[in-house]
Amino acid sequence: MTARPNAFSQWPDAQGRFGEYGGRFVAETLMPNILRLEKAYEAAKTDPEFKAELDEFARDFVGRPSPLYFAERLTEAFGGADIWFKRDELNHTGAHKINNCLGQVLLAKRMGATRIIAETGAGQHGVATATVAARFGLPCIVYMGATDIERQKPNVFRMKLLGAEVVPVTSGTGTLKDAMNEALRDWVTHVKDTFYVIGTVAGPHPYPAMVRDFQSVIGREARAQMLDRIGRLPDAAVACIGGGSNAMGLFHPFLEDESVRLIGVEAAGRGIGTGEHAASLNGGEPGILHGNRTYLLQDADGQIIDAHSISAGLDYPGIGPEHAFLHDAGRAEYVSATDTEALEMFQLCAKLEGIIPALEPAHALARVRDLARELGKDGVILMNMCGRGDKDVFAVADHLGVGL
Ligand SMILES: *Cc1c(COP(=O)(O)O)cnc(C)c1O
């Protein structure tokens, strides 16, 4: 047994566990791929050449660093703490997802992979993966639930424009969890040439730690920008949670800053009490899915339940294992916001700040509003604006009863 890490930021342990969560619960046939990936990532992580290439493309292709922005009019409207946005919605492809795709595809290239596969739900991760694969001339296959393909036609077309092949998955409910199962199956049968790009801090070790590391650029930049701009750290860092990658990327560089509260906002859908939500921590139980142990939405028999949220990007029935660990340890707080609240914040942010947020961070904004009042005028809140709302305008118009 290796020693257990004693600082939050040092997890996972050598077995890829975050306390009792994480690990790798996979078929034996998948183990060679996973061990090869782990070894390659460990080597890349400390290689200055890899870092230099990642930094170069993050700057010139993605547009990093993203700005830190004082949301002055929302601060006034909420009447409490100062609200700052980390503007990851300004990244190429409109969200944080590309930070991770860039890191994984560069790693794939380094490992000599000639074929990229990915799963996608709403299509945002599929688009980001197809984008980076196109840039490096790698064939890209995206597994997507048949139900999601029907619901997310513009993103399906985007992926095709970018040269990716979109494979419909009809098993289960034809949604994200089924697409991920199918991608894992593909990976088992293409051991030698294929790299699987997972889109959030889920899956078997090393994915949760690796995706977190690639997304931690968000928190690293934001922490330095806050110190530079106002000479102090925020009282709270807030982010929305689907699988938990943008939140983990924001939180990780603040884990040892005890004065900084870390707050994750899950999607409460129609309300936690209705059962129609996507809040794995607030309304789920520990179990095993997609190769790791974490909190999951499940019925009394342990069957995974499909998540519901107005935001397609938040309806994953699980959450990254590191969040499960931070939740149980009390280092991070996990709250939720409903569909209705997200719709209200979507419109308010557009009107007051001239920023149309994605529906996902609009959930975070609902809790930022309460927190601003709780902390009062001396408080400082940092929120990750992880995506822009262009993709959501049709859905929002629909909900507001406006025909487009
Ligand atoms: C995919 C997505 C999310 C949810 O994913 P996380 O892994 O929880 O970050 C949140 N916001 C946007 C804009 C997304 O595209």
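1. The ligand in this predicted model lies between two domains, because domain 1 (16-58 + 97-211) and domain 2 (66-94 + 216-400) both give residues to the shell around the ligand. Each domain is written as two stretches of the chain, which is worth keeping in mind when following the chain by eye.

2. The shell itself consists of 15 residues surrounding the ligand, and the closest are Lys97, Thr200, Gly242, Gly244 and Ser245. Sorted by class, this shell has three nonpolar, 10 polar and two charged residues.

3. Which atoms of Gly242, Gly244 and Ser245 come 2.7 Å from an oxygen atom of the ligand? For Gly242 the partner is a backbone N or O atom, at 2.7 Å from a ligand oxygen, and for Gly244 a polar backbone atom is likewise 2.7 Å from an oxygen atom of the ligand. In Ser245, by contrast, an N or O atom of the side chain lies 2.7 Å from an oxygen atom of the ligand. Taken alone, the ligand would expose 380 Å², and the protein buries 97% of that area.

4. On the overall fold, the protein has 16 helices and 14 strands. Its C-alpha atoms fill a box of roughly 55 × 50 × 45 Å along the principal axes. The radius of gyration is 20 Å, which agrees with a compact globule, because a globule of 404 residues would have a value near 22 Å.

5. An unreviewed UniProt entry carries the annotation "domain: Tryptophan synthase beta chain-like PALP", which covers residues 63-387. Over residues 63-387 the chain is 42% helix and 20% strand, and the C-alpha atoms at the two ends are 14 Å apart.

6. Some details of the backbone deserve a careful look, since most residues other than glycine have a negative phi, and most peptide bonds are trans. The peptide bond from Trp11 to Pro12 is cis, with omega near 10°, and Pro12 is found in the segment before β1 (17-18). Another cis peptide bond joins Arg64 and Pro65, where omega is about -5°, and Pro65 is found in the loop between α2 (48-62) and β3 (68-70).

7. What is the sign of phi at Thr93, which is not a glycine? Thr93 has a positive phi of about 75°, and this residue lies in the loop between β4 (82-86) and α4 (97-110).

Technical notes: Residues are numbered from 1 along each chain as its sequence is written. This is a predicted model: local features need pLDDT of at least 70, side-chain atom pairs count only at pLDDT 80 or more; totals for chains, interfaces and linings use all residues. Side-chain values use heavy atoms; hydrogens and water are left out. A residue is near a molecule or strand if one of its heavy atoms lies within 4 Å of it. A polar contact is a pair of N or O atoms within 3.5 Å; within protein, one must be able to donate a hydrogen and the other to accept it, and residues adjacent in sequence count only if both atoms are side-chain atoms. Accessible areas come from the Shrake-Rupley method with a 1.4 Å probe; for residues, only the protein chains shown count as cover. Ala, Val, Leu, Ile, Met, Phe, Trp, Tyr, Cys and Pro count as nonpolar, Asp, Glu, Lys and Arg as charged, and the others, Gly among them, as polar. Domain bounds come from an automatic or database domain assignment. UniProt positions are given in the numbering used here, feature names are shortened, and annotations may be inferred rather than shown by experiment. Helices (H or I, at least four residues) and strands (E, at least two) are DSSP runs, numbered from the N terminus. The radius of gyration is taken over C-alpha atoms; the globule rule is 2.2 Å times the number of residues to the power 0.38.
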